[in-house]
Amino acid sequence: MANGRIGVLIMSYGTPESLDQVEAYYTHIRRGHPPTAEQLHELTSRYEAIVGGFFPLRENTNKQVKGLEETLGREHPELEFVCYQGLKHAQPYIEDGVELMVKDGITEAIGVVLAPHYSTMSVGGYVKRAKDRAAELGLKIDFVLSYHLHPKLLEALSNRVERALGKFTDVSRDEVRVIFTAHSLPEKILEMKDPYPDQLLATSNAIADRVGITNWQFGWQSAGQTAAPWLGPDILEVLDTIRKEENVKNVLLCPIGFVSDHLEVLYDIDIEAQALAKELGIHLERTESLNTDPLYMETLSDVVFEKLKGAAKLS
Ligand SMILES: CC1=C(CCC(=O)O)c2cc3nc(cc4[nH]c(cc5[nH]c(cc1n2)c(C)c5CCC(=O)O)c(CCC(=O)O)c4C)C(CCC(=O)O)=C3C
Ligand SMILES: [Fe+2]
């Protein structure tokens with residue numbers, strides 16, 4: 001296996017650093033096409049609703065990077081892992097992270113994304129950008145593509161479901177509908193035989209088994225506003241349907257597709273879905289985000305180390 005320092009490129013979606021950067025950020029997401037004034041206003045107001053002086057995703061990603069570096073150091077004192085951040089839509093960009101590793105004299109690296117499920121449109125895009133820049137600079141890099149069934153990840157998520165179910169004090173557990181959620185993607189991924197939907201269902205099934213719940217389903221959230229159809233049903237539609245057609249009054253949302261508190265959790269669930277639930281007379285709770293849960297840090301540490309061992313065997 002490698003001797004010397006091993007670079008770890010930790011990739012995440014990225015978020016603006018201040019409200020006046022929202023336009024540049026949104027333009028980057030839209031591949032260089034600036035949003036209309038209305039779209040910009042809409043996104044800015046969503047951030048205003050969750051930002052208390054700092055952007056939660058930036059702070060959480062920083063903490064996760066630090067937490068993973070500490071965990072790798074503690075679990076593998078014989079190796080020297082150095083962690084670098086690479087963001088998809090904000091600075092430091094994925095390419096910046098790769099460049100910094102090379103500048104620091106790193107020759108071997110592992111890349112991992114702060115999202116457990118693989119899709120060509122999400123993780124695949126992160127990996128391609130890192131791979132291309134690494135190839136240009138002659139850095140040897142291998143990637144963790146998914147870790148959606150890692151036992152420690154499942155344990156961390158199951159603990160959260162268990163804890164949140166405890167908040168429904170006036171009904172029996174079986175009366176609470178658990179809805180596992182993830183970011184929707186354009187429907188065209190289905191034709192591409194993308195593993196994303198199956199991996200999400202596998203995580204959901206595994207958690208349901210561990211916790212021993214049968215009253216659960218899956219729902220998509222945060223779909224984009226493009227003309228092409230996105231995967232559904234959307235959780236807002238699900239809430240409406242299960243209240244009106246099945247008389248469900250207690251719902252626990254568990255956003256398994258996300259690992260940290262950010263816009264999709266703090267706004268799309270805590271503000272938007274919560275407002276609808278109130279209107280429908282549903283008691284809605286959500287599981288806490290993983291953030292720097294030691295079990296999540298250990299999951300990442302394990303998959304990075306396993307990948308490094310695998311890379312050593314191949315070379
Ligand atoms: C699969 C997936 C994940 C999960 C996996 C992963 O983490 O990678 C994810 C996470 C996130 N998405 C985020 C933010 C946004 N995503 C947008 C737009 C889009 N997301 C997409 C997909 C995903 N997104 C797609 C296909 C689009 C359409 C444009 C495109 O084809 O790329 C837009 C534009 C406006 C809108 O549509 O709402 C925003 C602002 C934030 C940061 C939140 C914060 O800053 O707190 C996070 C963690
Ligand atoms: Fe997104």
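**Close-up views of a predicted model**

**Figure 1. Packing of helix 7 in the predicted model.** The buried residues of helix 7 make their packing contacts with helix 6 (151-165), strand 5 (177-183) and strand 6 (216-221). Tyr-196, Pro-197, Gln-199, Leu-200, Thr-203, Ser-204, Ala-206, Ile-207, Ala-208 and Val-211 are the buried residues of this helix. An α-helix has 3.6 residues a turn, so residues three or four places apart point the same way. Helix 7 comprises 16 residues (residues 196-211), for which a rise of 1.5 Å a residue gives an expected span of 22 Å; the end C-alpha atoms lie 23 Å apart, in agreement with that value. After helix 7 comes Gly-212, with a positive phi near 75°.

**Figure 2. The open sheet of 4 strands.** The strands pair in parallel and follow the order 6-5-7-8. Strand 6 and strand 8 (283-286) form the edges; each has a single partner strand, so one side of each is without a neighbour in the sheet. From one strand to the next, the twist averages 30°. Strand 5 and strand 7 (residues 250-254) run parallel and are joined by 4 bridges. Within this pairing, Val-178 has Leu-252 of strand 7 as its bridge partner.

**Figure 3. Helices packed on the sheet.** Helix 6 touches strand 5, strand 7 and strand 8, and its direction makes about 155° with that of strand 7. Helix 8 (residues 235-246) touches strand 5, strand 6, strand 7 and strand 8. The direction of helix 8 makes about 160° with that of strand 5.

**Figure 4. Positions listed by UniProt under "binding site".** The unreviewed UniProt entry lists His-183 and Glu-264 under this heading. Although these positions span 82 residues in sequence, their C-alpha atoms are no more than 8.1 Å apart, so they gather at one spot. His-183 belongs to strand 5, whereas Glu-264 lies in helix 9 (residues 263-266).

**Figure 5. Surroundings of His-183 and Glu-264.** His-183 has a relative accessibility of 23% and therefore counts as partly exposed. Beyond its neighbours within four places in sequence, His-183 is in contact with Tyr-196, Trp-220, Gln-221, Ser-222, Trp-230, Phe-258 and Glu-264. Glu-264 has a relative accessible area of 19% and is buried, the cut-off for burial being under 20%. Outside the same four-place window, the contacts of Glu-264 are His-183, Gln-221, Ser-222, Phe-258 and Ile-269. Gln-221, Ser-222 and Phe-258 thus appear among the contacts of both His-183 and Glu-264.

**Figure 6. The crossing of helix 4 and helix 5.** Helix 4 (residues 94-103) packs against helix 5 (residues 123-137) at an angle of about 35°, and their axes are 9 Å apart. The crossing is right-handed. Helix 4 contributes Ile-94, Glu-95, Val-98, Glu-99 and Val-102 to the contact, and helix 5 contributes Tyr-126, Arg-129, Ala-130, Arg-133, Ala-134 and Leu-137.

**Figure 7. The environment of Thr-61 in helix 3.** Thr-61 is found in helix 3 (residues 56-75). Thr-61 is buried, its relative accessible area being 3%. Leaving aside neighbours within four places in sequence, Thr-61 is in contact with Ser-12, Gln-85, Leu-87 and Leu-114.

Methods
Residues numbered from 1 in each chain as written. Chains lettered and ligands numbered in written order. Predicted model: local features only at pLDDT ≥ 70, side-chain atom pairs only at ≥ 80, totals over all residues. Heavy atoms only, no water. Helix = DSSP H or I, 4+ residues; strand = E, 2+ residues; numbered from the N terminus. Expected span 1.5 Å × (residues − 1). Buried < 20%, exposed > 50% of the residue type's maximum accessible area, 1.4 Å probe, protein only. Contact = heavy atoms within 4.5 Å. Pairing = 2+ DSSP bridges. Axes fitted to C-alpha atoms, helices over the stretch in contact; angles between N-to-C directions. UniProt positions renumbered as here; feature names shortened; annotations may be inferred. Left-handed = near helix turned anticlockwise from the far one by under 90°.
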